[in-house]
Amino acid sequence: MTQAPLVSVVIPNYNGSPTLDETLRSVRAQSHEALEILVVDDGSTDESAALVERHAVQDPRVRLIRQANAGVAAARNTGWREARSDFIAFVDSDDLWTTDKIALQLERMLAEDEPGLVYPGYTMIDTDSNVLFPVPSPGHEGWVLDKLIRKNFIGNGSAVLVRRWVLERTNGFESALHRAGAQGCEDMLFYCRAAEHCQFGAVPGCLVGYRVLPDNMSSDGRRMLESWLMVLEEIGSRNPDKRQGLEEGFRDFAVWTANRTLSQRQWRILRRLVFHLVRRRPAIAIRLIMLELPKATLASAWRWVRDGIRDRGRRMAAPPPPRLHFLESVD
């Protein structure tokens with residue numbers, strides 16, 4: 001019988017003890033059992049290390065690696081450089097996987113066209129791992145850089161299975177974003193770098209539970225915009241013919257970020273975001289102020305009225321069914 005290929009799973013962790021246990025259990029439950037599971041503790045001050053060591057006692061595939069705090073990119077790089085496999089997957093310490101995630105991705109990666117990176121769709125989940133809504137994979141395959149620079153269609157850092165040679169050729173994840181105080185788009189930058197060198201493959205289905213938390217790095221709109229601009233500058237410097245696409249992608253991301261901040265009524269963050277755009281991309285700031293934000297305000301007001309009417313109707317009707325836990329939703 002042919003031995004199943006080893007897959008290395010890298011879990012960067014910083015003070016992730018509230019969710020890390022569930023993440024580890026979802027990784028250990030993979031139907032593809034030939035795994036090494038590397039948890040890179042990035043200078044945590046909570047009980048994360050002890051939690052990982054308890055898992056390691058139960059499962060010899062789990063290994064703890066410690067380092068001084070240097071950010072998520074550095075932690076991921078430490079992990080894949082320590083890994084023994086030519087197939088490497090990443091999952092953040094607050095996200096979850098369905099049991100067949102690695103098996104389906106590996107099958108796609110070993111197909112005849114041999115993509116260098118494979119990704120699925122994902123499901124947004126809340127603090128308690130309940131399903132919010134699915135985000136299906138768009139199915140973009142092959143040479144995808146033109147599509148990727150307009151939108152990060154992979155959507156999170158817990159989705160990809162990648163070949164080691166792609167990480168080596170791109171030098172992995174960029175720690176300079178963290179050092180510049182512009183962390184947030186490390187995933188996007190790596191995916192763009194990878195797309196310059198290899199073809200992508202897609203797997204149908206939402207195989208990742210991507211957790212939405214109040215203190216998620218992606219919730220800081222101003223920092224995310226600055227991070228995106230660093231992606232734009234690097235990729236644009238090597239691909240001047242794609243500069244327009246990169247600028248359009250940044251514009252759409254800025255509008256989306258401002259609309260999300262408005263919908264959450266985070267007025268101070270929205271003000272900082274707009275002022276930042278005035279300095280960095282004044283044309284986009286003018287468009288936001290004159291067009292996008294008024295339109296979004298009207299839409300938000302309508303949703304508030306509509307949801308109020310709907311909630312009143314629900315209170316008068318039968319109680320809603322219990323929310324579905326992500327790992328239960330795949331049974």
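**Notebook: core, surface and charge pairs**

I started with the largest nonpolar core, which has 85 residues; Ile11, Phe90, Leu117, Ile154, Phe190, Phe200 and Leu277 touch the most other members. Note to self: this is a predicted model. As background, nonpolar side chains tend to be buried together in soluble globular proteins.

I picked Leu117 for a closer look. Leaving out residues up to four places away in sequence, Leu117 touches a list of residues that includes Met109, Ile154, Val160, Phe190, Cys198 and Phe200.

Next I stepped back to the whole chain. I counted twelve helices and nine strands. Of the 331 residues, 51% count as buried. I also looked at contacts between residues at least 6 apart in sequence: 79% of them join residues at least 24 apart. The chain exposes about 16,200 Å², and carbon and sulfur atoms supply 54% of that.

Then Asn156. I found Asn156 in the loop between helix 5 (145-148) and strand 8 (161-163). Is Asn156 buried or exposed? Asn156 counts as buried because its relative accessibility is 2%, and the cut-off is under 20%. Beyond its neighbours within four places in sequence, Asn156 is in contact with Tyr122, Asp187, Tyr191, Val208 and Tyr210.

On the surface I noted a nonpolar patch made of Ile286, Ile289, Met290 and Leu291, with about 420 Å² of accessible area together. Ile286 sits in helix 12 (residues 282-316) and is exposed, at a relative accessible area of 53%.

I searched the whole structure for disulfides and got zero. I checked two cysteines anyway: Cys198 is buried at 3% relative accessibility, while Cys206 is partly exposed at 22%.

Last, the salt bridges. How many does the structure hold? I have 23 written down. In one of them, Asp59 pairs with Arg28, their closest N and O atoms 3.1 Å apart. That pair links distant parts of the chain, 31 residues apart: Asp59 is in the loop between helix 2 (48-58) and strand 3 (62-67), and Arg28 is in helix 1 (residues 17-28). Asp59 is buried at 7%, whereas Arg28 is partly exposed at 22%.

I also looked up Glu82 with Arg63, where the closest N and O atoms are 3.7 Å apart. Glu82 lies in helix 3 (residues 72-82) and Arg63 in strand 3, so this salt bridge ties together parts that are 19 residues apart in sequence. Both are partly exposed: Glu82 at 39% and Arg63 at 35%.

Asp252 forms a salt bridge with Arg251, with 3.1 Å between the closest N and O atoms. My final entry is a network: salt bridges that share partners join Glu174, Arg193, Glu196, Glu234 and Arg238.

Terms used
Residues are numbered from 1 along each chain as its sequence is written. This is a predicted model: local features need pLDDT of at least 70, side-chain atom pairs count only at pLDDT 80 or more; totals for chains, interfaces and linings use all residues. Side-chain values use heavy atoms; hydrogens and water are left out. Helices (H or I, at least four residues) and strands (E, at least two) are DSSP runs, numbered from the N terminus. Buried means under 20% relative accessible area, exposed over 50%, partly exposed in between (1.4 Å probe, protein chains only). Contact means heavy atoms within 4.5 Å. A nonpolar core is a set of buried Ala, Val, Leu, Ile, Met, Phe, Trp, Tyr and Cys residues joined through side-chain atoms within 4.5 Å. Accessible areas come from the Shrake-Rupley method with a 1.4 Å probe; for residues, only the protein chains shown count as cover. Patches are made of residues with over 30% relative accessible area and no salt bridge: like charges are joined within 9 Å, nonpolar side chains (Val, Leu, Ile, Met, Phe, Trp, Tyr) within 5 Å. A salt bridge is a side-chain nitrogen of Lys or Arg within 4 Å of a carboxyl oxygen of Asp or Glu. A disulfide is a pair of cysteine sulfur atoms within 2.5 Å.
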